[in-house]
Amino acid sequence: MADLDMVNRDPNNINDFIGVQFEDVLAEPEGAHSIDCVWKASFFCFNIWKNFFYKLATLCCGMCIAAEWGCEFARIAFTHIWFVTPFFKVLEINCGCLQKFWALCVHCCCDPCCEAFGLIFGAFRKD
C-alpha cells in the first residue's frame, strides 16, 4: 500500500471515457436559457448528487466487488499457471515431433519430384 497513489487513481487512463461532467449531460443552446440561478443550482445539484451516490455505492459495494474481481483474477492466474501454460508446452513438444515427421514425409515424397521437374524445365532455360 506504500506505492498506492491516492491522487491519481487511474494512472493508466482505463476509465477516461466515464468522466461525465455536467456539460456532457446538460446543455442549453442559445435562445433557450434558464434563469442563471437555476442553471447554477442545477450544476451544484448534479455534482453533489453524482458524487454522493457514487460514494454511497462504493461504500456499500466497493470492497465486495473488489474482492470478487480479486478472486476472479486469482482464478485466471491459477488456471493459466497450472493448466494453460503446461498444456501449451505439451502441444509444443508433441507438435514439434509431428512437424519433424511431416517434414520427413514431404522431403521423401516431394523432393525427388521437384528435382526431376527442375531438371526437365532447366533444359528450357535461356542462357
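This passage describes a surface patch, two pockets and one backbone feature of a predicted model.

On the surface of the model, a nonpolar patch is formed by F44, I48, W49, F52, F53, L56 and L59, which together contribute about 750 Å² of accessible area. One of these residues, L59, is located in helix α2, which spans residues 36-122. The relative accessible area of L59 is 64%, and L59 is therefore classed as exposed, since that class begins over 50%.

The largest pocket encloses about 730 Å³ of space. Its lining consists of 16 residues, of which R9, D10, N15, I18 and Y54 are the closest to the centre of the pocket. By class, the lining of this largest pocket comprises 6 nonpolar, 5 polar and 5 charged residues.

The second largest pocket holds about 180 Å³ of space and is lined by T58, L59, G62, M63 and A66. In this lining, 3 residues are nonpolar and 2 are polar, while no charged residues are present. L59 thus appears both among the residues of the nonpolar surface patch and among those that line the second largest pocket.

With regard to the backbone, N13 is a residue other than glycine that has a positive phi value, near 55°. N13 is placed in the segment before helix α1, the latter covering residues 22-25. With a relative accessible area of 46%, N13 is classed as partly exposed, because this value falls between the limits of 20% for buried and 50% for exposed residues.

Terms used. Residues are numbered from 1 along each chain as its sequence is written. This is a predicted model: local features need pLDDT of at least 70, side-chain atom pairs count only at pLDDT 80 or more; totals for chains, interfaces and linings use all residues. Side-chain values use heavy atoms; hydrogens and water are left out. Patches are made of residues with over 30% relative accessible area and no salt bridge: like charges are joined within 9 Å, nonpolar side chains (Val, Leu, Ile, Met, Phe, Trp, Tyr) within 5 Å. Accessible areas come from the Shrake-Rupley method with a 1.4 Å probe; for residues, only the protein chains shown count as cover. A salt bridge is a side-chain nitrogen of Lys or Arg within 4 Å of a carboxyl oxygen of Asp or Glu. Helices (H or I, at least four residues) and strands (E, at least two) are DSSP runs, numbered from the N terminus. Buried means under 20% relative accessible area, exposed over 50%, partly exposed in between (1.4 Å probe, protein chains only). On a 1 Å grid over the protein atoms alone, a cavity is a set of points where a 1.4 Å probe fits but cannot get out, and a pocket is an open set with protein on both sides within 12 Å along at least five of seven lines; lining residues have an atom within 4 Å of a point. Grid points are joined across faces, edges and corners, and a volume is the space filled by probe spheres set on the points. Ala, Val, Leu, Ile, Met, Phe, Trp, Tyr, Cys and Pro count as nonpolar, Asp, Glu, Lys and Arg as charged, and the others, Gly among them, as polar.
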